[in-house]
Structures are given as structure tokens and as C-alpha cells.
Amino acid sequence: MTYHRLTQEDIAFFRSVTAPQRVLAGEEAGEDYFHDELGGVRSAPEAVVKVLSTGEVSRLLAYANERRIPVVPRGAGTGLVGASVAVEGGLMLDLTGMDRILELDGDNLTVTVQPGVLLMELAAFADEHGFLYPPDPGEKSATIGGNISTNAGGMRAVKYGVTRDYVRGLTVVLPDGQVMELGGKVVKNSSGYALKDLIVGSEGTLAVITEAVLKLVPKPAVSVSLLMPFDTMDEALDAVPEIVRSQAAPTAIEYFARETILFAEDYLGKRFPEDTHAAYLLLTFDGAGPAQVEAEYSATADLCQVLGARDALIIDTDERKDSVWPARGAFLEAIKASTTEMDECDVVVPRSRIADFIKFTHRLAEELNVRIPSFGHAGDGNLHIYICRDALEQGDWEQVLETAFDRMYARAAEMGGLVSGEHGIGWAKKKYMAAQYGPEEMALMGRIKAAFDPNNILNPGKVCQ
Amino acid sequence: MDIIVCVKQVPGTTQVDIDPDTGVMRRDSASTKLNPYDLFAIEAALALVRETGGSVRTLTMGPPQARAALLETVWMGADSGVLVSDRRLGGADVLATARALAQAARAMGRYDLILCGKQTTDGDTAQVGAELAELLGIPHAGNVLSVAPGEGFVDARVSLDDRDELQRLPLPCLVCVDKNINTPRLPSYFRKKALAADPVTVLTLDDFPDRDERRYGLSGSPTQVERTFSPERAEHRAMLSGDPEEAAGQLADLLLAGKFVREV
């Protein structure tokens, strides 16, 4: 499909709808808009418009739809699969200026936000008001709009679920400029197709989200984490299915290797409280009172002692949490800083298979003679696996990357897993998803896309295209 | 090296509530923790002993429930704890507190080094450590960034804001460590579970070499607290909206009106 290239007339229209200084045409849009966090794909938008209202988004989309201008919505640009990169050029909508928390509804336990609110701002706001917004992805400076668009998961998914479970309602603008409110403040909804849930995770390909009603939960009074060192990664990972089977209800079960802690210590310039063992599990328990939480974590610690845990270290105060969790949040950046270039694999496998899958990546690393560090959400089966380029030549790197990805996605599929647990498909993972789903399922997705966006102007070339 | 670390149990949250009528601190007894500043002293002590051998005992004064704080130090790696607890010691100011701790330290037998944190999060006076050293008649250093052991002495790196000073202190001595000089280790659930005997000894005034009641508690405190209150908090907030240029104009007007800036 050929798209319309932006002209001075188009730029003038964008300026008339918004404000001159909020339209960055051509060179004015800085390099930051050309890529996302992982930068696997680079492409310059022809113009960036910093939108401030649903009305502006609506008028811009209606205009773009008529003239066949590709439009890419973008939040903080912290994505990892190129979903927010303007691969066809065109117009980029920067939604970070729509950053207001509009309403806290204590009667319905909801908060209404604009899409540019940052996850860390929402988390702090909920906390201040005695609530918890459970989704807790590592990247706290992502926008809520971005989190919804990728159906982000995060560390509390084991107990609380993922972003989709907390989206009650959305205000969206369809590619033709129509504004629709999907869902609402209702708890239950059996009224027709779940369009709201279709938008969640659609990576900006079906509609532009301009407002969201999110569900909050009462803040648990007590939250305690356990850091459990193991002598080997195999022992640590083998303990995970046992913990799940024991019906303990941790909010998080994270795993990581000593190597990753050392990278984080370097990166943050701060020591981790324990860095002498080969592998670690980090679990969190929350609840209404200290006795209940202690009973829960004690049972799990006792179980893990039998399974080879060398210790169970208690993280129960703010300052202890501050010595551990920020480091966990920085793992991605820390690994990135340890190598010349990297790419990631965000597969999700059934929880019972996670140990097998990680062991498989260790064998693969040896076989391909490449470093493949990983960490992730052992409790929900979602792994973050990084293939590090280190000193490889460009040609070798491309070959190693392709082989590693092909092998890992194929192995995940054999185990009943899926291509992405929480980072999305975007641009970078399309072929792996298409290979797994097959032509019929991909065609069905294509028809859904066409129903929303018959002119294919919204984030073209992504997800199922 | 045999080390005593002074610790205190403080409210679990940083939000300390003062009853405006009575001026008494509203302590939520369900939520307490080890004074965060003391964690650095405990870590420093455990690291020293790992190097030199010896023992780490922790010492606190407080109500019976302060035992929990001492147990936590043992889960972190201390060998044992001493709780000074006696109604006759209640209501003590910094001097009466230091007197009681000095008596307890004498009752605890031989030690080489006493380590304290910089201050507590509830009292914030940062005086007890220095007073304790004076009462024991031993040298002391404050704002210490690191402690290196030697034969019969320790070398303490002291922060004097604009420069650091290396001080050599003969043993026994007392050192107050600064915050953030290390990453304190975490308490171990396995250590907690493995404890066979009660590691906490309780001392009362009757165990002190000096049993003169008038020197302790409220009666031994030269400081009388007239009134305690939370400082009045005023929050004025203005939300500016519109384009960056409009908002900048509004901001400039506000700053001018408030006399924060002057037009030139």
C-alpha cells in the first residue's frame, strides 16, 4: 500500500488543530522518536504531534484517514519490540502530554487516567490514597497507555493478574476519528463482544487510547519478600513448580542469576545485600496482617530449605525493600550496559515447564557460544532472555540471533508456550507469532484489523501484518 | 574483636503521629522496626568480626517488646542481645539513657569496641553515642565512614563534610557510623528457625554497678520536654494548564506575585 507523504499543507493543518509549537515537522522531531528502548528497528516519522486531548486526536485521525497518512501512537517509547516506531513514516502522536490523573472513585474503586500518566506516578498516587494498582512491570517510567497497549504484566501477575484484568473502561479514537467509550466503571459485563479487551494488547493498531478507567484494590497492610539463594540455577528453578504446587500464594516469584546481580551492582553503583550464591529466587507475600503473612512465607521457606535453598532472607521494611527491588527493576538496563548490543525473547511457557525452558537456553548458549543471561517471572512462566552480542562481528551476530530465536520459539511452542508474555509482538516478533499461529488465525486477526481500520492507517506493518 | 552494637526499636513507619492534645507520640505498637541507621552499625560489626574473629552482642534499652529488635539482630548474624528493661528507667532523656547503657555495658564484661548508628529515626538527637563514650571514659569518633581493625586500635575514617580525617582510636573505644556506608545484610529466616536457646538476656537496674535510682529515668533526666507537636504543614498548590508558553507565562506571574523572582 502506498501512503500519502506529508506536505506543508498537512503540517499547517496539524498546527491549526493543535498549536504550532506542538508540531515537530521533519528534522525537528529528534532522534529519540526514531526508535524504542531496544532499538531493533529505526525509522523517522515525518511529523510528531504532541496531543493534549481526545478532540485533537479525533480530528487528526479523521484527517489522516481521509488522506491515507499512517499514524503511530506513542507513549514513553520504552517498548522492546518496535511497536511505537513509525516504520511507514507519517504522523506520530506523542501522548505523553496527556498525563493527568482525572478521578479517584472511592465508591467504585477505580481511577480514571489519561494515557500519558507514568506507571510510577499511578503507583505512587494509588499508594498515597491507600490503594494498590497491582500491575507492576519492571519499567516504571512507561506510560499507562503503553502498558494497556501491550497488556503489560509485571511482577505481581502470579497473584493479581495482568494489566487487562485492571482495565474497566477505555475511551478510544477509531482510525476514522470516531470517539468511543468501551466498558466503564462496571464490575461485570456480558454485553456483547468485549471490544475493550480487544483494544488492550493491540499495540496501537486498532484505536488510540485517550482515557482509561482502571481498577484498584485495597492496599495490603503487610508485604514481605524473601530472597532465597541457591547453589545452582537448576535447584532454584526446580523449586518453583513445587512452590506453585504447595498452593502458597506469593504475589511474585522472580528468579535471577548472580551474574545479573553483579551487573546491577555495577550499573547502580550500589551493593546488593547478598551476592555470593549462583542463583536466587525472590518471592513476595502480602496480606492483611503480619501473622498471616509470616505463616505464609515461613511455610514456603521451610519447603525451599528441603529443596536446597541455602537461606531465606527476610525483606520486611522500606529500607530493606529499597536495597533489593530497585536492583530487580534495573536488571534489563544492567544487562544492556554489560554488552555491545542485545535482543530479547519474552516467551511465556506453562509454569510447570519454566525450569526445562531455562535449562534449554543454557544448553543453547553453550552450543552457539554466546552469552544468554535471563531473569524473569518464574511464578507465571514469563521469561526475559537476552542474547548478548558482546564481541561478535555483525554477520555472525545476525546469524546467532536468528538461530537462537528460531530454536527458542520453536521449543516454547512445543511446550505449549507463546511468543510474548508481556512485551508484545510489535515489529520484531511478527514472524515468530505468524509461524506459531498459522495462516487461518493470522487471517482472522487481519479481518479484525480491517474491521477497525479499513484504510490501514493505524500503526501499519505491526502485529499481524 | 568483641563488639557491642547499640540499637533501638523505632516506629515502623516514617510517619510519626503526635497527639496534639497530650503531645505524646502515638506509637502504633503493631508496627515497629530496627532503627534504620543501626543497620549500618550492625553490618559494620559483622564485617569486622568476619575479619578478626570475636563476637557481636547487641544492646538496647526499651520496653519488653524491644526484645523483637534484638532477636532481629541475631537473625542478621549477631551472637546475642542484651535488653535493658525496667520501669524505673522509663522516661529517660539522652543523658539518662546514656547512663543506663553505660551501666549495662559495664555489666556486660569485656568489650573492644562499641558501635552505634548515626542517630535514630524517632529521637533524631544523635547524642547518646557520644555521651555513652564519655560516661565510659573511652575515646569516640562520630560520622565514621569506615572502620579498619589493627593491633589494639581501630582506624576510623571520619567525615568532616569538606574533608575526611583518618583517626586512630585505641581500644576499647566507641564509633558512631554514618548512614549508607555499607549495604546491611538481611535477617535470615533459617537462622531464626535454628535458634535453640533464647539469645536475649534481660538486665534491670538491679544488675547495674550503680543502683542509685535518682540517676536514671525521668528523675535522672535534666531535659524536660514541655510540649511535642508536629510542625504545621502548609501546602499551596496551583495547577497550570495550557500550552507550555501559556503555562510559562502563568508561572512567571505567580513567581513575581510571590516575590520569588524580580523583573529586571
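**Hairpins, helices and a chain contact in a predicted model**

Good morning. I begin with chain B, where strand β9 (residues 140-149) and strand β10 (residues 153-159) run antiparallel and are joined by five bridges. Please keep in mind throughout that this is a predicted model. One pair in this ladder is Pro149(B) and Val154(B), the latter lying in β10(B). Three residues lie between the two strands of this hairpin, and Gly152(B) has a positive phi there, near 80°.

The next strand continues the pattern. β10(B) and β11(B) are also antiparallel, with seven bridges between them. Ser159(B) is placed opposite Asp164(B) of β11(B). Here the hairpin has four residues between its strands, and Asp161(B) adopts a positive phi near 65°.

I would like to stay with β11 of chain B, residues 164-170, for one residue, Arg168(B), which is located in that strand. Is Arg168(B) buried, partly exposed or exposed? Its 13 C-beta neighbours inside 10 Å put Arg168(B) in the partly exposed class; a residue needs 20 or more such neighbours to be buried, and one with 12 or fewer is exposed. Leaving aside residues up to four places away in sequence, Arg168(B) touches Phe153(B) and Asp155(B). Between the C-alpha atoms of Arg168(B) and Val147(B) there are 9.7 Å, although the two residues are 21 apart along the chain.

I turn now to two helices of the same chain. Helix α1 of chain B covers residues 36-52. What span should its 17 residues have, at 1.5 Å a residue? The expected value is 24 Å, and the end C-alpha atoms are 25 Å apart, which agrees. As for its surroundings, 13 of the 17 residues of α1(B) are buried, so the helix is mostly covered. Gly53(B) follows α1(B) and has a positive phi, near 80°.

Helix α2 of chain B, residues 67-76, has eight of its ten residues buried, and it is therefore largely enclosed by the rest of the structure. The buried residues of α2(B) are Ala69(B), Leu70(B), Leu71(B), Glu72(B), Thr73(B), Val74(B), Trp75(B) and Met76(B). After α2(B) comes Gly77(B), again with a positive phi, in this case near 140°.

Let me step back to the chain as a whole. Chain B is divided into domain 1, residues 2-215, and domain 2, residues 234-264. Taken over C-alpha atoms, the centres of these two domains of chain B are separated by 48 Å.

How many residues of chain B are in contact with chain A? There are 13, and they meet 20 residues of chain A. On the chain B side, the elements that contribute two or more residues are α5 (189-194) and α6 (244-257). By class, this side comprises seven nonpolar, two polar and four charged residues.

Finally, a sheet in chain A. Five strands form an open sheet in the order β5-β6-β10-β8-β9, with antiparallel pairing. Which strands stand at the edges? They are β5 (101-105) and β9 (179-183) of chain A; each has a single partner strand, so one side of each has no neighbour in the sheet. From one strand to the next, the twist averages 15°.

Within this chain, strand β6 (residues 110-113) pairs with strand β10 (residues 208-215) of chain A in the antiparallel sense, over four bridges. Thr110(A) is found opposite Lys215(A) of β10(A).

Thank you for your attention.

Note on methods:
Residues are numbered from 1 along each chain as its sequence is written. Chains are lettered from A and ligands numbered from 1 in the order in which they are written. This is a predicted model: local features need pLDDT of at least 70, side-chain atom pairs count only at pLDDT 80 or more; totals for chains, interfaces and linings use all residues. Domain bounds come from an automatic or database domain assignment. Two residues are in contact if their C-beta atoms, placed from the backbone, lie within 7 Å. Ala, Val, Leu, Ile, Met, Phe, Trp, Tyr, Cys and Pro count as nonpolar, Asp, Glu, Lys and Arg as charged, and the others, Gly among them, as polar. The expected span of a helix is 1.5 Å times one less than its number of residues. Two strands pair if DSSP finds at least two bridges between them. Axes are lines fitted to C-alpha atoms, for helices over the stretch in contact, and angles run from 0 to 180 degrees between N-to-C directions.
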